[in-house]
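Colleague: I would like to go through the backbone of this model with you, and then the contact between its chains. Could you put it on the screen?
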Amino acid sequence: MPEHTFILNGEKTTIDCPDDVRLLWVLRDLLGVTGPKYGCGLDVCKACTCHINGPTAFNPCSVPVSDIKPTDEITTIEGLPATVHEPLHPMQQAWLDLDVPQCGYCQPGQIMAAVALVAEKGSDITEDDLDGIRNICRCGTYPRIREAITTAAKQM
Amino acid sequence: MTGVVVRPRGATPSSDSTETGGVSRRRFIGYLIAGPTLIAAAPQFIAPAAARAAIATHQPVDDYDLSDLLNEAAAPTSGLITVVVNKDGTVSFALPRAEVGQGITTAVAMTIADEIGIALDLVNITLADARPELNWNQLTGGSNTMHSIFYPVRAAAAIAKDQLLAAAANILQEPPDDLSVVGDQIQASNGKSVSIGELATRAAVTKTRQVSTTLSSNYTLVGTPQRRIDALDIVTGRKQFAMDLQIPNALPTMVCRPPTINGSAKQVINLATVKRMPGVTDVVLIPHTQYVAGGVAVRAQTFGQCIDAVRALEVTWEPGPTADLSDADVKQELVKTQLPLLPALPGVKTLEQSFTFYFRPGDPLEPNCAVANVTKDSAEVWSSLKSPIWAKEQLVTILGLPLEAISVHVAQGGGSFGRHLFADAAFEAAAISQAMGKPVKLMWHRTDNFRQGRTHPMAVSTVRVQYSGGDVLALDQSHASVATDFSMGFGEIISAMFATLPETNSLGYSQTIFNLTQQVPYNFGVVAQVLNEAYAYDTFNTGSTRNIYSPDVVTAIELIVDQLAAEMRTDPLAFRRAFVRDPRLLAVLNKVAQAGSWGRPMPAGTAQGVALHGEYKGACACLVEIDCRPATVNRKIEDAFTGPRVTKVVIAVDVGLAINPLGLEAQMIGGAMDGIAHALTYSLHLKDGHFLEGSWDNAYYTREWNVPLDVEVIVMPPTTDKPGGAGELGVAPVMAATACAYARATATMPTEFPVNHNQPLGFTPYPTVPPIPQSPTNGLSEAY
């Protein structure tokens, strides 16, 4: 079986699996990294959102593992704090401060998308920017998500 | 286990209840249970029915509602619930309910910590495995958890504390009354102390005995906003849901499902080919039965390979019972099913309107999933289950194994909204594991969840009011719904069996639940609300989706109320104030009117709406502002339905005693997002026996572009000393207020919900064969 190598949360990782297996299943089923969640497998719900090569969001449910290069750095929610060398990323802290989650299933993906959004837009996040977030929260935590992002954006 | 355990056992409160500072001090009798560490147990408190003044409108539900029924069902066994004090100084409680995001683990931890006087982080809450001895006391539903469990949990914790103090008194040589809990220590007045961890074993009893206790009257945590106890695990990705559990050899498993609802697989044409596909270990035909949806199950090294195999399968199918049905057919059947309204009074004015509420998905974000390991002589299942006792008992017949050979573990749930009252994934996973002889981790594809998963049943509702001058003489409501499946009964097998007898589901359960939950909050003279059902309970896959009947019933009534107010040339708020028949409802109504600046000038195309709802021993009012102007409605966002936007939501809620106002606020906001979706965007289109929606970009649950920019929740000061239900209460009033605001902004009477349902379809439906779409491959070019 083909061998695939990439950097996962700072660690060089190698896995044997067919080229077309989407990265989400490599992470969850083969590597046991379960922070990224399955919500649709269609690049719609964004529950699996991770980062590639810095705070750029992507959805591993829609990326064949063979698209990932050995030099690519993949960050899941588990690796997010290390990117700022702190026990928690400011976005995670804002999430705690505002008690954003309910069931929690979508929240790793929400946080990863939020970090990428702030990295792109800077500290002056607008309502239009927030309207553009596609992540589903079926518990309806959206108003707190918006508040947490606006708060964290000022600290990042 | 090591530590001290305390538990309330069949004990009852004695009569000397006193009031101190507005909080009852009640004596309870409970038990100290023999064990290696301190174990305490306590009883259920049942309040005497309060005397009630005669009022113009009176419905049976005013005196006895679903909360009462669930409470009384839980009461006899609440003494089997134990609080355990551990050697490390922590206190454990295995909660016999399901946490699905509603925050009950946090509320229960607060309750225990307060009663003992320790910090919140010293309390560890887990979810109890299915415990058949609890009978009706392990059902999570009807927003009833805190209502039914608050006093038993407090009493068990109080007994534990008494015993800790007694043991400490011996060691510290000071009477218990002079001791205090400081941090994780019991401290004497001279400053000497002993740790709770050390006391755990010294306070243990070797023989179970009855004790009495008095509950603390001081709340430090209860009633104050507290963050979720699992928040850190959530934001770090550590919280484990069923599919995150690492059960050895439980490989990913999915099912190729039929093209119509509840169809069944007859034959696999290319079995050998699919078995040889990469990563695939097993392919097995799973017959469709009463409890197992079935199809063709595939087990593979990864879910991605399951998806490939499911898509490759060629299967002949027996169509399901809905194969030739579409929305219009069901609507016609529902109209035929409606019970006739009583004859109108002669010589009075009437207003009458019929409404249609289309099927809506009951999907949480976590799809149906379960892990199962069934061997020749045992079975173990992990899933989010709100009726785990029933699940365990039903598995006896599904698997042909004795009850004691079956373990059912309740996993943390990624949402429920009523869906986990059922055990669809657990039953199916167990059946597949048995058929394959291997452990499986079963996941339903998202498209399966929309197309074969449980829905909020479609309904029609006709409301007629009769009035004369300024008086409303009567309100009649005839509600007809596609049968709601209550086959889980009250969470155990006996009541579940009754629910599946022919005709019984409707007569025995649906109408009972309807009558125990629905009420008209206004003095409208003679009020009659009736339910009838179409189709069998298992024709469509339905369930008690969050707030069951109330969102539709209340929306229909509140729209008529606005129309009536207009007929009487009265402001909608003033009309409601004049007719509301409950002081708690009046208080929340006044609160939202004031906080939301009711009646403020609004531009054309925008409007306010207001609505009320009482249920679960609580009262809730909602004020909504909506923007229906073209610039808002026609906003363009890729693959999105934008439409009218609710710009502001103000909710005032009175649940009696709000244990955790922060959690309550979250529940209300979540309920608001549901209510907005039900009114404006979220439905399923039934066509030729299947639902067209297959993804979250087809079924328009509230997304960020629909979220109100201004949301305020006002938690009213405690009006009683008991917690009412919170999880569902917000949905109905927000849906109704949104509908009323929409009607006023557009000067129309919306009668079809969600209001966009009959607009041209905004997406291209996925095919039904293969039953699930392939995952995209362009994720990197879409990175953002």
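Modeller: Asp99(A) is a good place to begin; it sits in the loop between α2 and α3 of chain A. Please keep in mind that this is a predicted model.

Colleague: What is the phi of Asp99(A)?
Modeller: It is positive, about 50 degrees, although Asp99(A) is not a glycine. Most residues other than glycine have a negative phi.

Colleague: Is Asp99(A) buried or exposed?
Modeller: Asp99(A) is buried, because 22 other C-beta atoms lie within 10 Å and the cut-off for buried is 20 or more.

Colleague: And what about His85(A), where is that?
Modeller: His85(A) belongs to the loop between β5 (73-75) and α2 of chain A. It too is a non-glycine residue with a positive phi, of about 55 degrees. His85(A) is exposed, with 6 other C-beta atoms within 10 Å.

Colleague: Changing topic: which peptide bond leading to Pro754(B) is cis?
Modeller: The one from Phe753(B), with omega near -5 degrees. Pro754(B) lies in the segment after β34 (752-753) of chain B. The bond from Val769(B) to Pro770(B) is also cis, again with omega near -5 degrees, and Pro770(B) is likewise in the segment after β34 of chain B.

Colleague: Now the contact. How many residues does each chain contribute?
Modeller: Chain A gives 58 residues and chain B gives 62 residues. On the side of chain A that touches chain B, the largest share, 4 residues, comes from α3(A).

Colleague: How do the residues on that side of chain A divide by type?
Modeller: There are 33 nonpolar, 15 polar and 10 charged residues.

Terms used. Residues numbered from 1 in each chain as written. Chains lettered and ligands numbered in written order. Predicted model: local features only at pLDDT ≥ 70, side-chain atom pairs only at ≥ 80, totals over all residues. Contact = placed C-beta atoms within 7 Å. Helix = DSSP H or I, 4+ residues; strand = E, 2+ residues; numbered from the N terminus. Nonpolar A, V, L, I, M, F, W, Y, C, P; charged D, E, K, R; others polar. Buried ≥ 20, exposed ≤ 12 C-beta atoms within 10 Å, placed from the backbone.
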